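These are my notebook entries from a session with one structure, written down in the order in which I looked things up.

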Amino acid sequence: MPPAIHPRDEIIQRLMRVIRRVGYDGASISALSKATGLGKSSLYHHFPNGKHDMARAVLEHLAEFLRAQLFEPLRGAGTPKRRVEAMISTLDAFYAEGHESCVLAQLVLGSARAGFHAPLRMIFSEWIDALADLLVDAGIARATARRRAEDAVVRIEGALVLAGGLGDVGVFARTLKQLPATLLG
């Protein structure tokens with residue numbers, strides 16, 4: 001077999017862009033092939049179970065990114081406010097200031113939901129747990145911290161959906177700007 005045109009990480013990034021744009025159900029093998037620059041047979045060589053394997057690889061890649069760039073820093077050094085600000089900066093960059101949709105949200109919808117429930121639940125739970133731990137570090141009671149963490153993730157994800165639906169990224173920007181006070185206030 002000839003070497004891949006792009007490294008695996010690049011292929012997965014390209015698959016992620018398609019899923020972000022059209023969702024799992026809308027991502028045809030033709031669109032995924034075109035986005036990666038790989039023929040359909042090459043895609044199946046790399047991902048034997050087709051689109052399901054591709055989406056699983058995207059989720060695994062995303063989970064690694066989120067752990068390294070979001071969850072670990074939330075639990076890391078620095079004041080709780082600085083850690084929240086770092087999360088906001090990471091989210092703002094990752095979602096291109098609200099112009100990009102959320103891969104997690106795209107995989108929660110439609111037929112993908114049942115096939116990816118466990119990894120989606122794991123990612124959302126890790127995010128909420130990391131935020132709740134930060135809030136406990138800030139002196140907030142565990143139960144309150146958990147509710148605030150869940151509310152923050154709801155606000156972030158909802159703001160992305162609303163920004164896309166309205167065509168107004170200001171919704172996302174306002175949500176991120178209010179998060180420190182909402183979480184730590």
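Is Phe-94 buried or exposed? I looked this up before anything else, keeping in mind that the model is predicted. Phe-94 has a relative accessible area of 17%, which puts it under the 20% cut-off, and so I enter it as buried.

**Entry: aromatic rings**

I then went through the ring pairs, and the count comes to 4 aromatic pairs. In one of them Phe-65 and Phe-94 are stacked, with 4.9 Å from centre to centre and 25 degrees between the planes. This pair links distant parts of the chain, since Phe-65 belongs to helix 4 and Phe-94 to helix 5, 29 residues apart. Unlike its buried partner, Phe-65 is partly exposed, at 27% relative accessible area.

I also looked up Tyr-95 and Phe-172, which form an edge-to-face pair at 6.0 Å centre to centre, with 85 degrees between the planes. Tyr-95 lies in the loop between helix 5 and helix 6 while Phe-172 is in helix 10, so this pair ties together parts that are 77 residues apart in sequence. Both Tyr-95 and Phe-172 are buried. I note that Phe-65, Phe-94, Tyr-95 and Phe-172 form one aromatic cluster.

Two charged side chains came up next to rings. Arg-20 lies over the face of Phe-94, at 4.4 Å from the ring centre, and the charged end of Lys-51 sits over the ring of Tyr-24, 4.6 Å from its centre.

**Entry: helix 8**

Helix 8 covers residues 117-137, and I checked its length against expectation: at 1.5 Å a residue its 21 residues should span 30 Å, and the end C-alpha atoms are indeed 30 Å apart. Its buried residues are Pro-119, Leu-120, Ile-123, Phe-124, Glu-126, Trp-127, Ile-128, Ala-130, Leu-131, Ala-132, Leu-134 and Leu-135. I asked what covers them, and the answer includes helix 4 (51-75), helix 5 (80-94), helix 6 (103-108), helix 9 (142-166) and helix 10 (170-184). Helix 8 is followed by Gly-139, which has a positive phi, near 95 degrees.

I picked Ile-123 in helix 8 for a separate look. With a relative accessible area of 1%, Ile-123 is buried. Leaving out residues up to four places away in sequence, Ile-123 touches Leu-59, Ala-63, Leu-66, Phe-71 and Leu-104. I also took a C-alpha to C-alpha distance from Ile-123 to Asp-92, which are 31 residues apart in sequence and 18 Å apart in space.

**Entry: helix 4 against helix 8**

How do the axes of helix 4 and helix 8 cross? They come within 10 Å and cross at roughly 5 degrees, which makes helix 4 roughly parallel to helix 8. Among the residues that meet here are Leu-59, Ala-63, Leu-66, Leu-70 and Phe-71 from helix 4, and Leu-120, Ile-123, Trp-127, Ala-130 and Leu-134 from helix 8. The contact also includes charged residues, among them Arg-56, Arg-67 and Arg-75 in helix 4 and Glu-126, Asp-129 and Asp-133 in helix 8.

**Entry: helix 9 and helix 10**

Helix 9 has 25 residues and reaches 35 Å from first C-alpha to last, close to the 36 Å expected at 1.5 Å a residue. Its buried residues are Ala-145, Ala-149, Ala-152, Val-153, Ile-156, Glu-157, Ala-159, Leu-160 and Ala-163, and what covers them includes helix 5, helix 6, helix 8 and helix 10. Just after helix 9, Gly-167 takes a positive phi of about 70 degrees.

Helix 9 and helix 10 pack at an angle of about 170 degrees with their axes 9 Å apart, and they are therefore roughly antiparallel to each other. From helix 9 the residues that meet helix 10 include Ala-149, Ala-152, Ile-156, Leu-160 and Ala-163, and from helix 10 they include Phe-172, Leu-176, Leu-179 and Leu-183.

**Entry: Ser-33 and Gly-39**

Last, I looked at Ser-33, which is found in helix 2 (residues 29-36). At 11% relative accessibility Ser-33 counts as buried, and, not counting residues up to four places away in sequence, Ser-33 touches Leu-38, Gly-39, Lys-40 and Leu-43. Gly-39 lies in the loop between helix 2 and helix 3 (40-46) and, at 36% relative accessibility, counts as partly exposed. The C-alpha atoms of Gly-39 and Lys-51 are 12 residues apart along the chain and separated by 14 Å.

How values were computed: Residues are numbered from 1 along each chain as its sequence is written. This is a predicted model: local features need pLDDT of at least 70, side-chain atom pairs count only at pLDDT 80 or more; totals for chains, interfaces and linings use all residues. Side-chain values use heavy atoms; hydrogens and water are left out. Helices (H or I, at least four residues) and strands (E, at least two) are DSSP runs, numbered from the N terminus. The expected span of a helix is 1.5 Å times one less than its number of residues. Buried means under 20% relative accessible area, exposed over 50%, partly exposed in between (1.4 Å probe, protein chains only). Contact means heavy atoms within 4.5 Å. Rings of Phe, Tyr and Trp (its six-membered ring) pair if their centres lie within 6.5 Å; planes under 30 degrees apart count as stacked, over 60 as edge-to-face and the rest as tilted. A charge sits over a ring if NZ of Lys or CZ of Arg is within 6 Å of the ring centre and within 35 degrees of the ring normal. Axes are lines fitted to C-alpha atoms, for helices over the stretch in contact, and angles run from 0 to 180 degrees between N-to-C directions. Angles under 35 degrees count as roughly parallel, over 145 as roughly antiparallel, 65 to 115 as roughly perpendicular and the rest as oblique.
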